[in-house]
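The following paragraphs lead through one protein chain, from its overall architecture to single residues and a pocket. The reader is invited to keep the structure in view throughout.

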Amino acid sequence: MTRAIPTVNRYMTRSPHSIGLAQNLAHAHKVMREHRIRHLPVLDGGNLVGVVSDRDLHLVETLRDVDPEKVTVEEAMTPIVYTTSPDAPLDEVSREMAEHKYGSAIVLERGKVIGVFTTTDGMRALADLLEALPTP
């Protein structure tokens, strides 16, 4: 008997926090700390234009003369975002993320951000799938 591959929808973080393009790095840090997250979709007028991670923020802030209160998210974000649909099979998304070392996939439906699937979500999925295997 073959089991169906679960979709991203089952494991993604729904209605994720996001940040505006013109917000500063200090605000991005605050949102990440308050919500214990590492990835924020970056929006401009409700449209996805990038993603910023805690690593992106750290990298920019290690540069000389960077003031997190003055530098914008746009200057730290990654403009090329791996996106997927909520119905995408988990194995395909996980394989793509691993191959390209993506830390997250932004989940879009009708052009709007509805979720984020991260490597942490992938680990939860793996644990669930392993737990469901029959014991030898």
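Helices, here, are DSSP runs of H or I with at least four residues, strands are E runs of at least two, and both are numbered from the N terminus. The model is a predicted one. By that assignment the chain has six helices and seven strands, and their order from the N terminus is α-β-β-α-β-β-α-α-β-α-β-β-α.

The overall dimensions come next. Along the principal axes, the C-alpha atoms occupy a box of roughly 60 × 35 × 25 Å. Of the 136 residues in the chain, 35% are buried. Among contacts with a separation of 6 or more, 56% link residues that are 24 or more positions apart. The exposed surface of the chain amounts to about 8800 Å², with 52% of it supplied by carbon and sulfur atoms.

Strand pairing can be followed from strand E7, residues 112–118. Strand E1, residues 13–14, pairs with E7 in the antiparallel sense over two bridges, and Thr13 stands opposite Val116 of E7. Strand E6, residues 104–109, also runs antiparallel to E7, and six bridges join the two. Within this pairing, Leu108 has Val113 in E7 as its bridge partner. E6 and E7 form a hairpin with two residues between the strands, where Arg110 adopts a positive phi near 50 degrees.

Most residues other than glycine have a negative phi. Two further exceptions lie in loops. Asp65, with phi near 60 degrees, belongs to the loop between H3 and helix H4 (73–76). Lys101 likewise is not a glycine, yet has a positive phi of about 60 degrees; this residue is found in the loop between H5 and E6. Are these residues buried or exposed? Asp65 has a relative accessibility of 75% and, because exposed means over 50%, counts as exposed. Lys101 has a relative accessible area of 75% and is exposed as well.

Helix H5 spans residues 90–100, and Leu90 lies in it. With a relative accessible area of 5%, Leu90 is buried, because the limit for that class is under 20%. Beyond residues up to four places away in sequence, Leu90 touches Ile5, Pro6, Thr7, Val8, Tyr11, Phe117 and Ala125. By contrast, the C-alpha atoms of Leu90 and Ala76 are separated by 29 Å, although these residues are 14 apart along the chain.

A second buried residue is Ser53, in strand E4 (residues 47–53). Its relative accessible area is 10%, so it falls under the 20% limit. Apart from neighbours within four places in sequence, Ser53 is in contact with Met32, Arg38 and His39.

His39 leads on to the largest pocket, as one of the residues nearest its centre, together with Lys101, Tyr102, Gly103 and Ser104. What is the volume of the largest pocket? The value is about 390 Å³. The lining of the largest pocket comprises 17 residues, divided into five nonpolar, seven polar and five charged. E4 and helix H3 (54–61) each supply at least two of the lining residues, and H3 gives the largest share, with three. Lys101 thus joins two parts of this account: an exposed loop residue with a relative accessible area of 75%, and a member of the group nearest the centre of the largest pocket.

Terms used
Residues numbered from 1 in each chain as written. Predicted model: local features only at pLDDT ≥ 70, side-chain atom pairs only at ≥ 80, totals over all residues. Heavy atoms only, no water. Buried < 20%, exposed > 50% of the residue type's maximum accessible area, 1.4 Å probe, protein only. Contact = heavy atoms within 4.5 Å. 1 Å grid on protein atoms, 1.4 Å probe; cavity = no way out; pocket = protein on both sides within 12 Å on 5 of 7 lines; lining within 4 Å. Points joined across faces, edges and corners; volume = space filled by probe spheres on them. Nonpolar A, V, L, I, M, F, W, Y, C, P; charged D, E, K, R; others polar. Areas by Shrake-Rupley, 256 points an atom, 1.4 Å probe, with all protein chains shown as cover. Pairing = 2+ DSSP bridges.
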